[in-house]
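Thanks for passing this one along. Here are my notes on its cysteines and on one helix pair, in case they help as you look it over.

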Amino acid sequence: MKNNKCTGENTVISVIMPAYQAQRYIAQAVASVQAQTFQAWELFVIDDCSTDNTAQILEKFSTDPRIHYLRQSVNQGVAAARNRGIREAKSKYVAFLDADDWWASDKLERQMACILRAKAVLCFTGRELMKPDGQSSGKSIGVPERVSFSQLLRTNVIPCGSVVMETQVAKEFGFVHDEYHEDYILWLKVLKKYGPAVGVNTLGLKCRLSAGGKSRNKWKSARMQYGSYRCFGYGRLQAFYYMIFYTINGFWKYLG
């Protein structure tokens, strides 16, 4: 597949997909973008210097001119990969999808309708938690119709792979701090400046659980959450205060 970029002049949503050692699942992720009922999209796959067959697998999609393969010269992490995709985007909106997850076919259509109706800069959906083999775990997590900055401080209800947001807003802040929850930090910045985000309470994102994933390693996730609060500028006492709500919501979300 050729490394390329498109002008994006007629593209409504630029989908950004970071990929690292993604040969096992990336075909399903890309196919779920192609299957969207909302077809005004382009896809940037940012290969973060994979050494497996990720690039070769993507060759099967090379006949679709909306799909663009970009390879990092060195491995820089998921935040840098997403930021490169944001820089490439010429459309009004960007969406994010990890290479091991996938979307329901009507996800983008529902979100665009919601964004236009609510005039929001960020929209997200619920998710279904999937086993590593792609079968449903039987657990799903819904979302509220709106979430404010103060509500988001208590727990992150915005799954990164479900987000559609205005490109200029994404470019304004970008993703930072891979060592923490880089997506959560971005959402907090956006909501603090631009007001509430809106949710579409459908299972638009199919989120594959893995043994080493953030959502499965609770202690690691908790440390990253605390670090996210500190990175955002809160002192230790404030960070511990919000960690109480994070812990309670975490038990309800995954163990309830």
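The points below take the cysteines and then the helix packing.

1. Please keep in mind that this is a predicted model. Everything that follows is read from its computed coordinates.

2. How many disulfides does a search of the whole structure find? The count is zero. For orientation, a disulfide is a covalent bond between the sulfur atoms of two cysteines.

3. Why is there no bond at Cys114? The closest cysteine sulfur, that of Cys123, lies 4.1 Å from the sulfur of Cys114, which is too far for a bond; the cut-off for a pair is within 2.5 Å. Cys114 has a relative accessible area of 6%, so the residue counts as buried.

4. Cys160 gives a similar reading for your notes. Its sulfur is 10 Å from the closest cysteine sulfur, which belongs to Cys207, and this is too far for a bond. Cys160 is buried as well, because its relative accessible area is 8%.

5. Now to the helices. H7 covers residues 182-194 and H8 covers residues 218-232; they pack with their axes 10 Å apart, at an angle of about 40°. That angle makes H7 oblique to H8. The crossing of H7 past H8 is right-handed.

6. Which residues make this contact? From H7 come Tyr184, Ile185, Leu188, Lys189 and Lys192, and they meet Gln225, Ser228, Tyr229, Cys231 and Phe232 of H8. Sorted by class, the contact of H7 with H8 has six nonpolar residues, two polar and two charged.

How values were computed: Residues are numbered from 1 along each chain as its sequence is written. This is a predicted model: local features need pLDDT of at least 70, side-chain atom pairs count only at pLDDT 80 or more; totals for chains, interfaces and linings use all residues. Side-chain values use heavy atoms; hydrogens and water are left out. Buried means under 20% relative accessible area, exposed over 50%, partly exposed in between (1.4 Å probe, protein chains only). Axes are lines fitted to C-alpha atoms, for helices over the stretch in contact, and angles run from 0 to 180 degrees between N-to-C directions. Helices (H or I, at least four residues) and strands (E, at least two) are DSSP runs, numbered from the N terminus. Angles under 35 degrees count as roughly parallel, over 145 as roughly antiparallel, 65 to 115 as roughly perpendicular and the rest as oblique. A crossing is left-handed if the near helix is turned anticlockwise from the far one by less than a right angle, and right-handed if clockwise. Contact means heavy atoms within 4.5 Å. Ala, Val, Leu, Ile, Met, Phe, Trp, Tyr, Cys and Pro count as nonpolar, Asp, Glu, Lys and Arg as charged, and the others, Gly among them, as polar.
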